[in-house]
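Please have a look at the structure below. The report that follows goes through it part by part.

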Amino acid sequence: MISVKKLSFSYPKKPWLCEEMDLELSEGKIIGLLGLNGAGKSTLMRLMAGLLKPVSGEVSFEGGATFDRSIPFLNQMIFVPEKVSVPEFLKVKEYSSVYQDFYSGFDLDRFEKLLSEFQIIGNQRVSNLSYGQQKKLQIAIGLSTGAKLLLFDEPTNGLDIPSKSTFRRVLSGSLQEDQTMVISTHQVKDIENLVDQIIVLDEGKVKLHADLEELENQFVFSQGPQAPDQAVFVESHLLGAQYIVKQPYGERNSGGSPDLELLFNAVIAGKLAGEFLSTQNQATS
Ligand SMILES: Nc1ncnc2c1ncn2[C@@H]1O[C@H](COP(=O)(O)OP(=O)(O)OP(=O)(O)O)[C@@H](O)[C@H]1O
């Protein structure tokens, strides 16, 4: 659905943020986009949304370049940026009606349920909402559009703890089979057990693009007084060590979902690469 081919991008007079990057996102997945500060997550999102022009290469959605910003593409995509900017004078319902008019699949019932879940009152001015409330409004709109591609940049940033739980609850299992969501975040706990795939960006490259189920089948993420000798990656932990070790028999991981923080640190440390990334090809094909 989203295809990134030989993408190279830099801001004017800045170093390359990516060079000849390839990435394929398939339908029906929730994908966590991780990377250190400045790794280029927001930039990649903006390239996917067609807000930035690749220096070379292409980002396409169902065959068409996203930068063309064609109406059929825009009708099928919603981008919720990290910093939302809202109109001064519109009330919540008036503001959302702009989106209702634009997205043919907009689900008004769902939107009203989400507003109530997030405790946002429809007749207030959008500009009078707090930053976190504005963010929740954008999330509610995004989840109601019915768009095939949802790009959420740091959606949980600014949300209080109950709202983060609501976010997780409303998202979990709510995507249609033909919808794909990319969530960029530093708050890995907020997306644990929610995402199907993880992408890690580092030094202008996709260092990992893996299906979490495949990773669970291939690795054990665990902790204990001591890491086994064969551990691929070890970090100190209150219990002694937390570690990643290759599944000896390719059986399902009994320890549950991979610990995303541990996974991220392992990828950044270059400890989960090469032979261990056989899952990457499966995830991107
Ligand atoms: N409009 C811009 N003009 C010039 N440089 C920019 C612009 N936007 C971002 N950058 C630079 O590009 C790099 C990547 O920024 P980007 O916001 O994409 O990273 P990020 O991974 O989302 O970071 P963070 O996790 O801190 O939000 C940074 O070095 C940043 O300073």
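## Around the ligand

Which residues are around the ligand? This is a predicted model. In it, the ligand is surrounded by Tyr11, Lys14, Leu17, Gly35, Asn37, Gly38, Ala39, Gly40, Lys41, Ser42 and Thr43.

Helix 1, residues 41-48, gives the most to this shell, with 3 residues. By type, the shell divides into 3 nonpolar, 6 polar and 2 charged residues.

## A sheet of 4 strands

One open sheet has 4 strands in the order 2-1-4-5, and the pairing is antiparallel. Strand 2 (18-25) and strand 5 (64-65) stand at the edges. Each has a single partner strand, so one side of each is left without a neighbour in the sheet.

Look at the strand 5 edge. Strand 4 (residues 56-61) pairs with strand 5 in the antiparallel sense, over 2 bridges. Phe61 has Gly64 in strand 5 as its bridge partner.

## Strand 7 and its neighbours

Strand 7 covers residues 149-153 and is mostly covered: 5 of its 5 residues are buried. In a regular strand, side chains alternate between the two faces of the sheet. Which residues of strand 7 lie on each side? Leu149, Leu151 and Asp153 are on one side, while Leu150 and Phe152 are on the other. All are buried, and both faces of the strand are covered. To count as buried, a residue needs 20 or more other C-beta atoms within 10 Å of its own.

Strand 7 also has strand partners. Strand 6 (residues 77-80) runs parallel to strand 7, and 4 bridges join them. Here Met77 has Leu149 as its bridge partner. Strand 8 (residues 180-184) is also parallel to strand 7, joined by 5 bridges. Across this pairing, Leu150 stands opposite Met181.

## A sheet of 3 strands

Another open sheet has 3 strands, in the order 11-13-12, with antiparallel pairing. Strand 11 (219-224) and strand 12 (233-237) stand at its edges. Each of these has a single partner strand, so one side of each is left without a neighbour in the sheet. Neighbouring strands of this sheet are turned by 15° against each other on average, direction ignored.

How many bridges join strand 11 to strand 13? There are 6, and the two strands run antiparallel. Strand 13 spans residues 240-246. In that strand, Tyr243 is the bridge partner of Ser222.

## Two packed helices

Two packed helices are described by the angle between their axes and the distance between the axes. Helix 4 (residues 108-117) and helix 5 (residues 131-144) pack at an angle of about 155°, and their axes are 9 Å apart. Angles over 145 degrees count as roughly antiparallel. Helix 4 and helix 5 are therefore roughly antiparallel to each other. Their crossing is right-handed.

## Two loop residues with positive phi

Gln119 lies in the loop between helix 4 and helix 5. Its phi is positive, about 55°, although Gln119 is not a glycine. Is Gln119 buried or exposed? Gln119 is exposed, because 11 other C-beta atoms are within 10 Å.

Glu203 is in the loop between strand 9 (197-202) and strand 10 (205-211). Glu203 is not a glycine, yet has a positive phi of about 50°. With 14 other C-beta atoms within 10 Å, Glu203 is partly exposed.

Definitions and conventions:
Residues numbered from 1 in each chain as written. Predicted model: local features only at pLDDT ≥ 70, side-chain atom pairs only at ≥ 80, totals over all residues. Near = placed C-beta within 6 Å. Nonpolar A, V, L, I, M, F, W, Y, C, P; charged D, E, K, R; others polar. Pairing = 2+ DSSP bridges. Axes fitted to C-alpha atoms, helices over the stretch in contact; angles between N-to-C directions. Buried ≥ 20, exposed ≤ 12 C-beta atoms within 10 Å, placed from the backbone. Parallel < 35°, antiparallel > 145°, perpendicular 65-115°, else oblique. Left-handed = near helix turned anticlockwise from the far one by under 90°.
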